[in-house]
Amino acid sequence: DPEQNQKPYLSTYPVDLNDCGPMVLDALMKIKNEQDPTLTFRRSCREGICGSCAMNINGVNKLACLTYIDESASATKVYPLPHMYVIKDLVPDMGQFYEQYRSIEPWLQPKVPK
């Protein structure tokens with residue numbers, strides 16, 4: 001937590017999968033609502049379109065809203081994206097991403113008459 005000037009640390013949260021949705025994002029929302037209201041992550045569409053819930057889940061960069069919880073595993077390991085600076089918990093700094101996005105202009109552009 002940058003506001004507390006703490007060093008990074010890992011936390012473990014038990015989640016009753018019988019009382020939780022099937023996706024990793026469902027478990028994160030349950031943890032935030034019931035166990036740790038300070039847990040911070042991004043979410044938006046819940047349909048895999050916006051990409052705001054991107055994080056590293058069990059060693060693979062995935063969207064939490066599209067990733068099923070592996071019930072056969074003893075734990076699901078969730079980390080922030082490894083190639084970005086972390087603002088807090090699972091929230092990466094998107095500044096460099098948006099700067100690169102603007103530089104390549106990946107949107108439709110009208111033809112300019114000569």
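**View 1. An aromatic pair in helix α2 of this predicted model.** At 38% relative accessibility, F97 comes out as partly exposed. Y101 is partly exposed too, at a relative accessibility of 38%. Both residues belong to helix α2, sitting 4 residues apart, or about one turn of the helix. In an α-helix there are 3.6 residues a turn, so residues three or four places apart point the same way. Across the whole structure, a search turns up 3 aromatic pairs. The F97–Y101 pair counts as stacked, because the ring centres are 5.9 Å apart and the planes sit at 25°, and the cut-off for stacking is under 30 degrees.

**View 2. From Y101 on to W107, and the cluster around them.** Y101 has a part in another ring pair, this one with W107. Here the centres are 6.2 Å apart and the planes make an angle of 45°, so the pair is called tilted. W107 is partly exposed, its relative accessible area being 42%. Put the ring pairs together and you get a cluster of F97, Y98, Y101 and W107.

**View 3. Two residues with positive phi, D89 and E105.** Neither of these is a glycine, yet phi is near 50° for D89 and near 45° for E105. Look for D89 in the loop that runs between β4 (86–88) and β5 (91–92). With a relative accessible area of 33%, D89 is partly exposed. E105 turns up in the segment after α2 (95–104). E105 is partly exposed as well, with a relative accessible area of 41%.

**View 4. The open sheet, β2-β1-β3.** Three strands make up this sheet, and their pairing is antiparallel. At the edges you'll find β2 (60–63) and β3 (78–79); each has a single partner strand, so one side of each has no neighbour in the sheet. Strand β1 (residues 54–57) is joined to β3 by 2 bridges, and the two run antiparallel. To spot one of these contacts by residue, start at I57: its bridge partner in β3 is V78. As a reminder, strands of a sheet pair through backbone hydrogen bonds, either parallel or antiparallel.

**View 5. The buried residues of helix α1.** Helix α1 covers residues 24–34. Its buried residues are V24, L25, D26, A27, L28, K30 and I31. What lies over them? The cover includes strands β1 and β3. Two charged residues are on that buried list: D26, with a relative accessible area of 15%, and K30, with 12%.

**View 6. K30 and its salt-bridge partners, D19 and E34.** The structure holds 3 salt bridges. One of them brings the side chains of D19 and K30 together, at 3.1 Å from N to O. D19 comes from the segment before α1 and K30 from helix α1 itself, so this pair ties together parts that are 11 residues apart in sequence. D19 is exposed, with a relative accessible area of 51%, whereas K30 is buried at 12%. K30 also bridges to E34, where the closest N and O atoms are 3.0 Å apart. Those two share helix α1 and are 4 residues apart, about one turn of the helix. E34 counts as exposed, at 54% relative accessibility. Through shared partners, the salt bridges join D19, K30 and E34 into one network.

**View 7. The R46–D26 salt bridge.** The closest N and O atoms of R46 and D26 are 2.7 Å apart. This pair links distant parts of the chain, 20 residues apart: R46 is in the loop between α1 and β1, while D26 is in helix α1. How exposed is R46? At 39% relative accessibility, R46 counts as partly exposed. D26, on the other hand, is buried, with a relative accessible area of 15%.

**View 8. C45 and C50, two cysteines without a disulfide.** The disulfide count for this model is 0. For C45, the nearest cysteine sulfur is that of C50, 3.6 Å away. For C50, the nearest cysteine sulfur is in turn that of C45. The cut-off for a disulfide is within 2.5 Å, so this pair does not count as one. C45 is partly exposed at 25% relative accessibility, and C50 is partly exposed with a relative accessible area of 40%.

Notes. Residues numbered from 1 in each chain as written. Predicted model: local features only at pLDDT ≥ 70, side-chain atom pairs only at ≥ 80, totals over all residues. Heavy atoms only, no water. Buried < 20%, exposed > 50% of the residue type's maximum accessible area, 1.4 Å probe, protein only. Pairing = 2+ DSSP bridges. Phe/Tyr/Trp six-rings, centres within 6.5 Å; stacked < 30°, edge-to-face > 60°. Contact = heavy atoms within 4.5 Å. Salt bridge = Lys/Arg side-chain N within 4 Å of Asp/Glu carboxyl O.
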